[in-house]
Structure formats: structure tokens, C-alpha cells
Amino acid sequence: DNRIKIAPSILSADLSRLAEQVREVEAAGADRIHVDVMDGRFVPNITFGPVLVRWLRPVTKLPLEAHLMIHAPDEFLDAFAAAGINTLIVHVEGAIHLNRTIQRIKELGLKAGVAINPATPAVMLEEVVADLDLVLAMTVNPGFGGQAFLPGTLKKIQTIRHMIDEAQPACELEVDGGVDPETAPRLVEAGARVLVAGSSVYGAADGPTAGLKRLARSVG
Ligand code: DX5
Ligand code: ZN
């Protein structure tokens, strides 16, 4: 299946009607739901934890992925697993024993992803990429939705694409930050196959369904 996948980020959803907002993107063709977990230390913002995942789980059939922008992620892996998460994504910058963290995520029966910030070189993934189900390349500095895409990240996405093709072709390459119908085709050309989208879906003036379909068309 070569189709580009879309993961709407609920960070930009109307949280007073979260269930409805998630069902809407599911019906519009979203492939998974992206949950941005922030602790106020790793990034300058605070968002959701396992309790939100637990409430979200029965709302949708789509896989749920948690993007952990937190210190000491190891302490929370089990709680997210128990809450019903499908994929856990930890930052290469936030994990000291990254290999151990990845193994633990797999032991829990989940898919393992590693995220990498714009300023971190691709080589930091080299020793773990063979063990990964997913790499999440940040195309903004994490912490907030609605930031402008950093074009300097395109070259690194190409580098990661080559690394994945050589070491672990089944590993997905996902991008996160400022993804919209203008930037998405460039990201796909660079090698991305999964697009996280917050404001271009949930912030669309004509609503999430129209936003998602516009994004899908831009890479279709
Ligand atoms: C940023 C988060 C993103 C965010 C993307 O820290 O990791 O997932 O929701 O939002 P947009 O698509 O608006 O850049
Ligand atoms: Zn994210």
C-alpha cells in the first residue's frame, strides 16, 4: 500500500467535543490519530496523558499513536499501554538508554517509534533504525501547533529515507509540524510516507473533513 497516510493531531481539535472531532476525521479517511503528550519540561507546554487515551480508545477504530515530548518516558510506557495506545513515539533527545526504551515498548506489544528534533542530526538514529516501526521527523520545534514548517529539515528527511531503505524498509517515515497542502508534496518527495497534521485539518476554516481531503488530494 503506497498511499500516503494522514495522522490528524488532536492538539488542534476542539477539545470540548473531542469524540465528535475524532469520528469526523475517521469518516473523512484519516489513517491514525496523533496524540501530543507534553510535560512542560521537555517542551514549553503541557497537554495530555494516559487518561485521555483511555477515553479516546472506545471512540474510534483507528490506531492511536502517542508522541511523547516528555522527560524520562520510560516511567510512563506501561500506563500508555494499559490505556490502549497502539504506538509509542519517544524522542531521541529525551531517552538516555534509547535501545532499552524501544525494547520495552515492543515487550508491551506496541509499535515503537523515535522522534527527532530539527537540530538533531540524522546520524543519531543510525544504531536504532533497524529496530523501529516508525521514525517521526520533526519539521518544527515541538511544543505548539500552528508553527511554520522549517524547510531546512527536507534534506535530513532524504537522509533518513536512505537510512530506512537500507536498514529497515518496513519502518515508516512520518513528519510532524507545519504540514499543509503546500508543504506536504515536498515532504513526500523527500521521502515521508505519513503526515501528521494539526492546524491544516482541525484549523481549516471549512472544517476538518474539507481540511483532511484537501491535504490528501495534495499528495494523491
Ligand atoms: C508539535 C506537535 C505536532 C502539532 C502539529 O509539537 O508535535 O504534532 O500538533 O501541529 P501543526 O500541524 O499545526 O503544525
Ligand atoms: Zn506531534
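**Walking through the predicted model from Gly143**

With 16 C-beta neighbours inside 10 Å, Gly143 counts as partly exposed, because that status covers residues that have fewer than the 20 neighbours needed for burial but more than the 12 that mark exposure. Gly143 sits in the loop between strand 6 (134–138) and helix 5 (154–167). Setting aside residues up to four places away in sequence, Gly143 touches Met38, Val43, Pro44 and Asn45.

The model is predicted, and its confidence values can be stated before going further. The protein averages a pLDDT of 98, and 100% of the residues score at least 70. For the complex, the predictor gives an ipTM of 0.99 together with a pTM of 0.98.

On the scale of the whole chain, the protein has eight helices and eight strands. Its radius of gyration is 16 Å, close to the 17 Å from the globule rule for 220 residues, so the protein is as compact as a globular protein of that length. Taken along the principal axes, the box filled by the C-alpha atoms is roughly 45 × 35 × 35 Å. Of the 220 residues, 43% count as buried. Among contacts with a separation of 6 or more, 64% are between residues 24 or more positions apart.

The next stop is the ligand. Ligand 1 is surrounded by 22 residues, and the closest are Ser9, Pro142, Gly145, Gly198 and Ser199. Two or more residues of this shell come from each of strand 2 (33–38), strand 8 (194–197) and helix 7 (199–202). Sorted by class, the shell around ligand 1 holds seven nonpolar, 13 polar and two charged residues.

The record can be set beside this picture. In an unreviewed UniProt entry, the annotation "binding site" covers Ser9, His67, Gly143, Phe144, Gly145, Gly146, Asp176, Gly177, Gly178, Gly198 and Ser199. Gly143, the starting point of this walk, is thus one of the annotated residues. Asp176 is another residue under that annotation, and its setting can be described in the same terms as that of Gly143.

Asp176 belongs to strand 7 (residues 172–176). Asp176 has 24 other C-beta atoms within 10 Å and is therefore buried, whereas Gly143 is partly exposed. Apart from residues up to four places away in sequence, Asp176 touches His67, Leu136, Met138, Thr139 and Val196. His67, one of these contacts, is itself covered by the "binding site" annotation.

Two further loop positions complete the walk. Met124 lies in the loop between strand 5 (111–116) and strand 6. Met124 is partly exposed because 14 other C-beta atoms lie within 10 Å. Beyond its neighbours within four places in sequence, Met124 is in contact with Val92 and Ile116. The pair Met124 and Val92 is separated by 32 residues in sequence and by 7.3 Å in space, C-alpha to C-alpha.

Ala72 is the other loop position, between strand 3 (64–69) and helix 3 (77–83). Ala72 is also a case of partial exposure, with 14 C-beta neighbours inside 10 Å. Its backbone deserves a look: phi of Ala72 is near 50 degrees, a positive value in a residue other than glycine. Most residues other than glycine have a negative phi.

How values were computed:
Residues are numbered from 1 along each chain as its sequence is written. Chains are lettered from A and ligands numbered from 1 in the order in which they are written. This is a predicted model: local features need pLDDT of at least 70, side-chain atom pairs count only at pLDDT 80 or more; totals for chains, interfaces and linings use all residues. pLDDT is the predictor's confidence in each residue, from 0 to 100. A residue is near a molecule or strand if its C-beta atom, placed from the backbone, lies within 6 Å of it. Helices (H or I, at least four residues) and strands (E, at least two) are DSSP runs, numbered from the N terminus. Ala, Val, Leu, Ile, Met, Phe, Trp, Tyr, Cys and Pro count as nonpolar, Asp, Glu, Lys and Arg as charged, and the others, Gly among them, as polar. The radius of gyration is taken over C-alpha atoms; the globule rule is 2.2 Å times the number of residues to the power 0.38. Two residues are in contact if their C-beta atoms, placed from the backbone, lie within 7 Å. UniProt positions are given in the numbering used here, feature names are shortened, and annotations may be inferred rather than shown by experiment.
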